[in-house]
Amino acid sequence: KKEFIADLKTSFKKILGSDIGKTPVFIRSDTNMEDLKEFTGAGLNLTVFNVLDEEKIINAIKDVWASPYTERSFKWRQKFLNNPENVYPSILIIPTVDVDISGVMITTGVTSGNKDDITIAFSRGAGGAVEGQLAETYLLKPDGSSTLISPSREISYTTLPSTGGTSKAFTTFEKPLLNKSNLKASLEFANEIKSRLPGSPGIESAGPYDVELGFKDNILWLFQVRPFVESKRAASSAYLNSLDPAPKDDMIINLTAKF
């Protein structure tokens, strides 16, 4: 409708500070059927990356709004919800940040099992650690110390040109992605999230939280926070638990023995 387009242009300039078509943006969905206690829906619906052209932004709004109604989305919701058809989408338009590194933060110790620890995983460029990349992963302790769990091993990464769209760049591995300042900022931000979000209006979860964030010129950018939902079925699987058995306190390993 003409009224919608006019309101979109007015809001775009008022909130983002420029006319539509001048600032590249991401088009994302938000629905009443995600970020629930038993179901997150993370990555289920369409996100359109780094759109600049006005016509492409309007078309992206249509595509993203329609994505919760696809067969794939219905099938996933049907596994967890009794009323998957009662989905009401809305659209979120956020300005692009061509971050140096990006990734996810889980406000608990995923590998340690300690709720006071923080787990972070970062890759170079945009969309880091959310598409199965071999990310640089750390366990952050409350005292400020950190343990490297795994280094980054992704040769290519995604950049977000100011002209819109995406491009690929390539990197080497002689330096870590995260510096001491980044690790400290991540820990401080995680503590702020854990103290401020529980009990806030509209926040039903007391944590832990799944956070998408990035760093541009060592400045932290927050993109999204949602409840961290673990699979209870996987956690109770005897087979999966057998892959990571608890070590015995009195175990002795003979380093000279031949196997």
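## Group meeting talk: from S123 to the sheet and the helices around it

Leaving aside the neighbours within four places in sequence, S123 is in contact with I101, S102, G128, A129, Q133, A135 and L177. I begin with this residue and work outwards from it, and I should say straight away that what we are looking at is a predicted model.

Where does S123 sit, in terms of secondary structure? S123 has its place in strand β5, which covers residues 118-124. Is S123 buried or exposed? With a relative accessible area of 3%, S123 is buried, because the cut-off for that word is under 20%. One of the residues that S123 touches, S102, is also its bridge partner, and this takes us from β5 to the neighbouring strand β4.

Strand β4, residues 101-106, pairs with β5 in the antiparallel sense, over 6 bridges. On β10, residues 209-216, there is a second pairing for β4, and this one too is antiparallel and has 6 bridges; within it, G103 has L213 as its bridge partner. How many of the residues of β4 are buried? The count is 6 of 6, so that the strand is described as mostly covered. If you look at its two faces in turn, you find I101, G103 and M105 buried on one side, and S102, V104 and I106 buried on the other.

Let me now step back to the sheet that these strands belong to. There are 6 strands in this open sheet, in the order β7-β6-β5-β4-β10-β11, and their pairing is antiparallel. Which strands lie at the edges? They are β7 and β11, the latter being residues 219-227, and each of these two pairs on one side only. On average, and with direction ignored, neighbouring strands of the sheet are turned by 20° against each other. Helix α4, residues 180-196, packs on this sheet and touches β4, β5, β6, β7, β10 and β11, while the direction of the helix makes about 145° with that of β10.

At the β7 end of the order, please find the hairpin of β6 and β7. Strand β6 is residues 136-140 and strand β7 is residues 146-150, and the two pair in the antiparallel sense over 4 bridges. You can follow this pairing through its partners, since T137 is bridged to S150, and L140 is bridged to S146. Between the two strands of the hairpin there are 5 residues, and G144 takes a positive phi there, near 95°.

This brings me to a few places where the backbone deserves a second look. Most residues other than glycine have a negative phi, and most peptide bonds are trans. In the loop between β10 and β11 we find D217, a residue other than glycine whose phi is nevertheless positive, near 55°. N218 lies in that loop as well, and although N218 is not a glycine, its phi is also positive, at about 65°. How do the two compare in accessibility? D217 counts as exposed, with 56% relative accessibility, whereas N218, with 46%, counts as partly exposed. In the loop between α4 and β10 there is P208, and the peptide bond that leads from G207 to P208 is cis, with omega near 0°.

I turn next to a pair of helices. Two packed helices are described by the angle between their axes and the distance between the axes. Helix α1, residues 2-16, packs with helix α2, residues 54-66, at an angle of about 115°, and their axes are 13 Å apart. That angle makes the two helices roughly perpendicular to each other, and their crossing is right-handed. Which residues meet at this contact? From α1 come F4, I5, L8, K9 and F12, and from α2 come E54, I57, I58 and I61. Sorted by kind, the residues of the contact comprise 7 nonpolar and 2 charged ones, with no polar residue among them.

Finally, a few figures for the chain as a whole. The chain has 6 helices and 11 strands, and its C-alpha trace spans about 75 × 45 × 35 Å along the principal axes. Of its 259 residues, 36% count as buried, and S123, where we started, is buried too. Among the contacts with a separation of 6 or more, 55% are between residues 24 or more positions apart in the chain.

Terms used
Residues are numbered from 1 along each chain as its sequence is written. This is a predicted model: local features need pLDDT of at least 70, side-chain atom pairs count only at pLDDT 80 or more; totals for chains, interfaces and linings use all residues. Side-chain values use heavy atoms; hydrogens and water are left out. Two strands pair if DSSP finds at least two bridges between them. Axes are lines fitted to C-alpha atoms, for helices over the stretch in contact, and angles run from 0 to 180 degrees between N-to-C directions. Angles under 35 degrees count as roughly parallel, over 145 as roughly antiparallel, 65 to 115 as roughly perpendicular and the rest as oblique. A crossing is left-handed if the near helix is turned anticlockwise from the far one by less than a right angle, and right-handed if clockwise. Contact means heavy atoms within 4.5 Å. Ala, Val, Leu, Ile, Met, Phe, Trp, Tyr, Cys and Pro count as nonpolar, Asp, Glu, Lys and Arg as charged, and the others, Gly among them, as polar. Buried means under 20% relative accessible area, exposed over 50%, partly exposed in between (1.4 Å probe, protein chains only).
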